[in-house]
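Welcome, and thanks for opening the viewer alongside this text. Let's walk through the fold a few selections at a time.

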Amino acid sequence: MEKPNGIRTRLQPLPEENIMAILDLIGVKDQHDIEDDKLTFLSAVRAISIVPQVAQVPTRKMYEAVFQILQDNRSLELTITSYQLLQDLEKCFPRVSIAKVEGLSSTDTETQLVINSEVWSPFGVSLENDSTEMEGHLSTDDDYIDFSKLLSSTQDIVNHVCDGDPMYLGKGPELNVRSKQLTDDIMSKMMMFQYLVTLLRMDFISRCQVFKSNQKWPIIRNSFLNQLLGSQRANFKNLVKNLMRIVAATTREDSAMDLDTEHNSDCIPHKPLQKPDLADTEFRHTLSQSVMELDTLKKEANQNRWTSRSDGSRTPVLEIVIDELSYNKELISPYLQGTVEAKWKTNIILTFFSKHCPRSIKMFERNIDESTIIDIFNCFSNVTNVRIISKRMGEDVIQLLLVHGFQAYFSLQQGTCSLSHVKDNAEGETLLKETCKSFITSFRNLKRVYKELELVAGGREALFTAATIMS
């Protein structure tokens, strides 16, 4: 099978011994000289594997050395240089990619997964027998990344942004992540984690695309992410909780950055080496989103009986999220604000209401999987229902769920078709206006129950948007 375009291959043996000799530190005692040698080594790898038109895949030892520099160093320049090199190597030499193969007819093509066996991976997982029913075992080698190390990385970052208190994220606007000093140690851990997330995501995305075309579950089963989460050493609940806190922390950092930009928009200095922040898109969402997507695919596979005993069982991600938000309600606002996937946000809100509302209130006329945010708004059109639900959930929680529910509904409408198209369609325009009316009525009824109701963040903007659409 031919390899897809964009994947470079090794045409001749790399001068591994010459390049690795740069890191020979025997007799070298000065720390500055050691760092210079490491930078020279990274430059040599880039010169051979990235710069040339016909580049060469680094050897296993070279890959490991670059990754070791990222893991162990305490120098900002080495951290960023090794991180950028690893990211560039991933773009030039992806481990997993997609190839289109012609079928029986000229118009019939199917997508297949291509594994580049020459490319090293930091995960203790084998991809060599990707077509087998049972393949890929986690390595016990300490040099590899297994689930416990991945979880430890998220825990280190959570401890940093929460000052060691996981509950601190939701305790008010006084938290300013950017005001915390990023040490070189946590910097290295953040960038290593960011690189690992990139590998997990790229591997998972390629597999998802092929899976959607052929519905063969082993393609997803053999992904790095699924194998890591299926490890006997996996504490899946703790990983999901850590990811929730990271998303919440980055949401608060965004607010701090916006305020900082307003005050310093005219004097932003140029920095040749930018320290990474928690708001980086790759770092912020991709692992959390991949875990949720994997959970959804596994649920589908279970329903279609594609899975086997070897796949094991895990508590659904949605269940873990709901339990955590129920226990720590201060986390609701920053987590929902940081959750960019509208469908996932909708599922959280529907499930939260379903769990906490009294059974005496018939909130959903259909199964919850078929329900929508509109069902929630309609439920709050009754003042009696508002009083009963308020006793269980509180005014602030209700407001937050309604506001984020409206934002998710609005995002889904924009994703399905443009608002101008909706307004050109009489039925669609009527439904949109009725939804906005129900949303506004929900807040009016809350105001009747709570005479001195104070709107939560985003409430005024959401109500203004709904009123504008209705006018």
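Begin by selecting α2 and α4 and showing their side chains: E35, K38, L39, L42, V45, R46 and S49 in α2 meet E77, L78, T81, S82, Q84, L85, D88 and L89 in α4. Keep in mind as you look that this is a predicted model.

**Stop 1: how α2 and α4 pack**

Two packed helices are described by the angle between their axes and the distance between the axes. For α2 and α4 (residues 76-92), the angle is about 15 degrees and the axes are 11 Å apart. That makes α2 roughly parallel to α4, since angles under 35 degrees count as roughly parallel. The crossing of this pair is left-handed.

Now hide α2 and look at α4 alone. Its 17 residues should span 24 Å at 1.5 Å a residue, and the end C-alpha atoms are indeed 24 Å apart. Colour its buried residues: L78, T79, I80, S82, Y83, L85, L86, Q87, L89, E90 and C92. Of the residues that meet α2, look again at L78, S82, L85 and L89, which are buried.

**Stop 2: bring in α3**

Bring back α2 (residues 31-49) and add α3 (residues 60-72). Their axes come within 11 Å and cross at roughly 135 degrees. That makes α2 oblique to α3, and the crossing is left-handed.

Which residues of α2 meet α3? Select K38, F41, L42 and V45 in α2; they meet M62, A65, V66 and I69 in α3. K38, L42 and V45 also appear among the α2 residues that meet α4, so keep them highlighted while you switch between the two partners.

**Stop 3: A234 in its loop**

Next, centre on A234, in the loop between α8 (224-229) and α9 (236-264). Is A234 buried, partly exposed or exposed? Its relative accessible area is 25%, so A234 is partly exposed. Draw a C-alpha to C-alpha distance to L151: the two residues are 83 apart in sequence and 8.2 Å apart in space. Then show the contacts of A234, leaving aside neighbours within four places in sequence: they are F147, L228 and L229.

**Stop 4: two loop residues with positive phi**

Most residues other than glycine have a negative phi. With that in mind, select Q215, in the loop between α6 (184-214) and α7 (218-221). Phi of Q215 is near 60 degrees, a positive value. Q215 is partly exposed, at 32% relative accessibility.

Then jump to R305, in the loop between α10 (281-303) and α11 (317-327). Phi of R305 is near 60 degrees too. Here the relative accessibility is 77%, so R305 counts as exposed.

**Stop 5: the two sides of α19**

Finish at α19 (residues 459-470), a helix of twelve residues. From first C-alpha to last, α19 reaches 17 Å, close to the expected 16 Å. Colour G459, A462, L463, A466 and I469, which are buried. Turn the view to look down the axis of α19: the buried residues fall within an arc of 125 degrees, so they line one face of the helix. An α-helix has 3.6 residues a turn, so residues three or four places apart point the same way. Now give a second colour to R460, E461 and F464, which are exposed on the other side of α19.

Note on methods: Residues are numbered from 1 along each chain as its sequence is written. This is a predicted model: local features need pLDDT of at least 70, side-chain atom pairs count only at pLDDT 80 or more; totals for chains, interfaces and linings use all residues. Side-chain values use heavy atoms; hydrogens and water are left out. Helices (H or I, at least four residues) and strands (E, at least two) are DSSP runs, numbered from the N terminus. The expected span of a helix is 1.5 Å times one less than its number of residues. Buried means under 20% relative accessible area, exposed over 50%, partly exposed in between (1.4 Å probe, protein chains only). The arc is that of the directions from the helix axis to the C-beta atoms. Contact means heavy atoms within 4.5 Å. Axes are lines fitted to C-alpha atoms, for helices over the stretch in contact, and angles run from 0 to 180 degrees between N-to-C directions. Angles under 35 degrees count as roughly parallel, over 145 as roughly antiparallel, 65 to 115 as roughly perpendicular and the rest as oblique. A crossing is left-handed if the near helix is turned anticlockwise from the far one by less than a right angle, and right-handed if clockwise.
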